[in-house]
Amino acid sequence: MRVILGVGGGIAAYKAAELARALMERGATVQPVMTAAARQFITPLTFAALTGKKVITDLFGDRTADEVLASSVEHIQVARENDVLVAAPATADLLAKFANGLADDFLSTLYLAFTGKVVLAPAMNTQMWLHPATAANIEKLRARGHHIVPPGSGPLACGETGVGRLADPARIADDVIRIGTGKQDFAGETIVITAGPTQEAIDPVRFISNRSSGKMGYAIAEAAAARGAQVILVSGPVKIPPPAGVKVVQVETALEMKDAVFAHLEEATIVIKSAAVADYMVENPAPQKMKKTAARMSIELSPTPDILAEVGRVKGDRLLVGFAAETQNMISEAKRKMETKNCDLVVGNLVSQHGVGFGSDDNEVTLVPRGGAPVPLPRASKRIVADQILDHVLPLRLALRSAS
Ligand code: PMT
């Protein structure tokens, strides 16, 4: 596979050297292209030495007019000769240029001429990443079908701690290779994935809910769609954008989630229940806002339907993956839920650990397969964890399919 590595001007530019090496280790040839800003952080010599290629730096540089004329279509030629363009670090400036079609240097001009697959690995300060302008550019690029490798969180070069770190170069390389080779190992599968919390109304302005952000379920949906699955994402109320190429069914309550799951069950070959469904609901929410009084108050709650268990009772030859969010005894609880809800695989999530579980960008889970030994996965971004969960789901699904 032939990959253009576009290096943007950010402190993470040095990690692009690791990415070049990781891509080559995976059998790719790498053509480095550096912006002028990138060359303030790392020299072209590093990339030339690693890749054995002449590093393309700018459109004109200090070349003579004849040299410029002789290579005036270099960006077109490079665009034609390569399969994937990966920009890492994709700075806010690069994302804005790509999103809006600016072409004032070699990399942005090349981007417009390029018709292959595009992978963008953003890295920047947290506030820049969260700025509505960057978010809008990301959405534009995602809608164009480009693959975004989301930044991780941790200490940043600016001294702050937050989201904005370049994703692990090995993970970016894996995504580039998968997207470049078009690994579609979930083609032909239809996956119903639930994500986020449910909200159970007490009255028109109050509800019972939990801290689920939807990030884990959305990451699984994004990964599955990238691997060729038809994805139906049944989502409780969350504040994150839906992944590209996924059918989203918005719900609010456990009852609505159950209806949406069962409405799509017939077509599903795999069901993954990562949602944090409220376990109790108010059977008859007050029609008007309840008034505060000095008296103590109690609200009667009734259990919500256990959607996973209900699917488990009628699952047929579908593969059923449940989650178990626990603060203790995770493995035994995961095994118990496996039996009571008739799952094929349970993803145990010890949510009492700092930096993982509810709301975080990272997760650390243990896969508990039916009849098999638990498989702890290393702590990683939810998107990486999502792919690893799918890597374990696939052989189970293939085994079920060949048995049926
Ligand atoms: O959304 P994030 O912020 O990214 O956080 C991710 C997560 C922590 C929510 C996720 O990784 C996770 O652990 N999801 C399961 C949350 C949960 O409610 O677990 P549980 O152990 O209470 O439920 C067990 C299983 O039964 C789950 O698959 C759940 O979807 C399902 N369930 C539970 C109750 C119910 N009424 N119906 C159900 O289907």
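This tour moves from the ligand to the nonpolar cores, then to single helices and a few residues with unusual backbone geometry. The model is predicted, and every value below was computed from its coordinates.

**The ligand and its shell**

Begin by selecting the ligand together with the 31 residues around it, of which Ser212, Ser213, Lys273, Lys337 and Gly359 come nearest. With that selection displayed, look for the polar pairs: a ligand oxygen lies 2.7 Å from a side-chain N or O atom of Lys382, a ligand nitrogen lies 3.1 Å from a side-chain N or O atom of Thr304, and a ligand nitrogen is also 3.1 Å from a polar backbone atom of Ile307. On its own the ligand has 780 Å² of accessible area, and the protein covers 96% of that.

Next, colour the elements that give two or more residues to this shell, namely helix H11 (215-226), helix H13 (307-314), strand E16 (319-326) and helix H14 (330-341). Which of the elements provides the largest share of the shell? Strand E16 does, with five residues. If you then colour the shell by class, you should find 13 nonpolar, ten polar and eight charged residues.

**Helix H13**

Stay at the ligand and select H13, whose buried residues are Ile307, Leu308, Ala309, Val311 and Gly312; Ile307 is also the residue whose polar backbone atom was paired with a ligand nitrogen above. Showing the neighbours of this buried set brings up helix H12 (254-263), E13, E16 and H14, against which the set packs. At the N-terminal end of H13, Asp306 acts as a cap, with a side-chain oxygen 3.3 Å from the backbone nitrogen of Leu308. Beyond the helix comes Gly316, where phi is positive, near 60°.

**The largest nonpolar core**

Now select the largest nonpolar core, which has 34 residues, and centre the view on Ile193, Ile220, Ile272 and Ile389, the members that touch the most others. The elements that give two or more residues to this core include strand E8 (190-195), strand E11 (230-235), strand E13 (270-273) and helix H15 (382-403), while H11 gives the most, with eight residues.

To see the packing around one member, select Ile220: setting aside residues up to four places away in sequence, Ile220 touches Ile193, Ile272, Ser274, Phe323, Ala386, Ile389 and Leu390. Apart from this core lies another, of 32 residues, among them Ala20, Ile42, Val84 and Ile172.

**Helices H3 and H6**

Move to helix H3 (residues 44-51) and select Thr51. Is Thr51 buried or exposed? Thr51 counts as buried because its relative accessible area is 11%, and the cut-off for burial is under 20%. The side chain of Thr51 reaches the backbone oxygen of Phe47 at 2.7 Å, and, with neighbours within four places in sequence left aside, Thr51 is in contact with Ala20, Met24, Val30 and Pro32.

In helix H6 (residues 92-100), display the buried residues Ala92, Leu94, Leu95, Lys97, Phe98 and Ala99. They pack against E3, helix H7 (106-113), strand E4 (117-122), helix H8 (126-130) and helix H9 (132-143). H6 is followed by Gly101, which has a positive phi near 75°.

**Backbone details**

Go to strand E3 (residues 84-90), where Pro89 is found, and display the peptide bond between Ala88 and Pro89, which is cis, with omega about -5°.

Two asparagines are worth selecting for their phi angles. Asn329, in the loop between E16 and H14, has a positive phi of about 50° although it is not a glycine. Asn342, in the loop between H14 and E17, likewise has a positive phi, near 55°, and Asn342 is partly exposed, with a relative accessible area of 32%.

**The start of the chain**

Finish at Met1, in the segment before strand E1 (2-7), which is partly exposed at a relative accessible area of 27%. Leaving out residues up to four places away in sequence, Met1 touches Gly27, Ala28, Thr29, Asp83, Val84, Val176, Ile177, Gly180 and Thr181. A distance label between the C-alpha atoms of Met1 and Ile179 should read 11 Å, although the two residues are 178 apart in sequence.

Definitions and conventions:
Residues numbered from 1 in each chain as written. Predicted model: local features only at pLDDT ≥ 70, side-chain atom pairs only at ≥ 80, totals over all residues. Heavy atoms only, no water. Near = heavy atom within 4 Å. Polar contact = N/O pair within 3.5 Å; in protein donor to acceptor, adjacent residues only side chain to side chain. Areas by Shrake-Rupley, 256 points an atom, 1.4 Å probe, with all protein chains shown as cover. Helix = DSSP H or I, 4+ residues; strand = E, 2+ residues; numbered from the N terminus. Nonpolar A, V, L, I, M, F, W, Y, C, P; charged D, E, K, R; others polar. Core = buried A, V, L, I, M, F, W, Y, C linked by side-chain atoms within 4.5 Å. Buried < 20%, exposed > 50% of the residue type's maximum accessible area, 1.4 Å probe, protein only. Contact = heavy atoms within 4.5 Å.
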